[in-house]
Amino acid sequence: MSRLFVRGFHWDADEETVREHMSQAGHIESIYSRDRGRWLVTYSTREEAQIAIDVLHGSVPIGDTRYIECKIDGNGSDFAPIDKSRFEPPPKRKANQAPDTAQGPSKSLKSMQSTNATQMPRRFIGDDHVQGTVWEWDATSASGWIKPDKGIFIPAANEQGGYVYVRLADVLNSEPLTVGQTVIFKAFSDARCCGAAGVC
């Protein structure tokens, strides 16, 4: 097991809120509050703790505007600088206004294929299905991008330019998608992406 010292959550954040955000990196064994937005989060493995540092350090929890910071607890090191360009807080938008996604995804499919995106522990975003349009599909990698009709305001989606990553394994009928096709799906986030599951 490996324990992280995490700070930056809102002072009113409860254990469920912290667990929901931090579990994007892996299985959490325990969580302990140190007051004023500071928490000790213990992961099952050192690898999961490192993923949390690599991916969630500098992220913004849903419904918050603060950047959180993560480091290994008790090793005497300071928090690493935050690259705020990776996690811009979601802009305020009018109700039901779709994100500005006309220019296409900010990440290439090739860059996504080299990661284990969609294959890590998932945290589903709400209970409702999301509708969108297939923006890009690559038959070779059996993956693509979906442009959602409504914005999904989480750090992973922001990093992808508002688009949602999808792999054929998450398409219900296992049939390749086509560009321009209208689909519905359940949006989720993991430590590598904002993805689509149960696509039909």
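**Exercise 1.** In this predicted model, find the bridge partner of G132 in β9.

*Solution.* Start at G132 and cross to β9: the partner is V183. Next, place the pair in its strands. β6 covers residues 130–138 and pairs with β9. The sense is antiparallel, over 4 bridges.

**Exercise 2.** Work out which other strands pair with β9, and how.

*Solution.* Take β5 (residues 123–124). It runs antiparallel to β9, joined by 2 bridges. Here F124 faces F188 of β9. Now take β10 (residues 194–197). Its link to β9 is also antiparallel, with 4 bridges. K186 has A197 in β10 as its bridge partner. Finally, trace the chain: a hairpin of 4 residues leads from β9 to β10.

**Exercise 3.** Decide whether strand β9 is largely enclosed or open to the outside.

*Solution.* Count buried residues, taking under 20% relative accessible area as the cut-off. Strand β9 spans residues 182–189, and 6 of its 8 residues are buried. The strand is therefore largely enclosed by the rest of the structure.

**Exercise 4.** Give the strand order of the open sheet that contains β1, and explain why β2 and β4 each have a side without a neighbour.

*Solution.* The sheet has 4 strands, ordered β2-β3-β1-β4, with antiparallel pairing. β2 (28–33) and β4 (69–72) are the edges. Each has a single partner strand, so one side of each lacks a neighbour in the sheet. From one strand to the next, the twist averages 25°. Now check the β4 edge. Its antiparallel pairing with β1 (residues 2–7) has 4 bridges. Within this pairing, L4 sits opposite I72 of β4.

Conventions. Residues are numbered from 1 along each chain as its sequence is written. This is a predicted model: local features need pLDDT of at least 70, side-chain atom pairs count only at pLDDT 80 or more; totals for chains, interfaces and linings use all residues. Side-chain values use heavy atoms; hydrogens and water are left out. Two strands pair if DSSP finds at least two bridges between them. Axes are lines fitted to C-alpha atoms, for helices over the stretch in contact, and angles run from 0 to 180 degrees between N-to-C directions. Buried means under 20% relative accessible area, exposed over 50%, partly exposed in between (1.4 Å probe, protein chains only).
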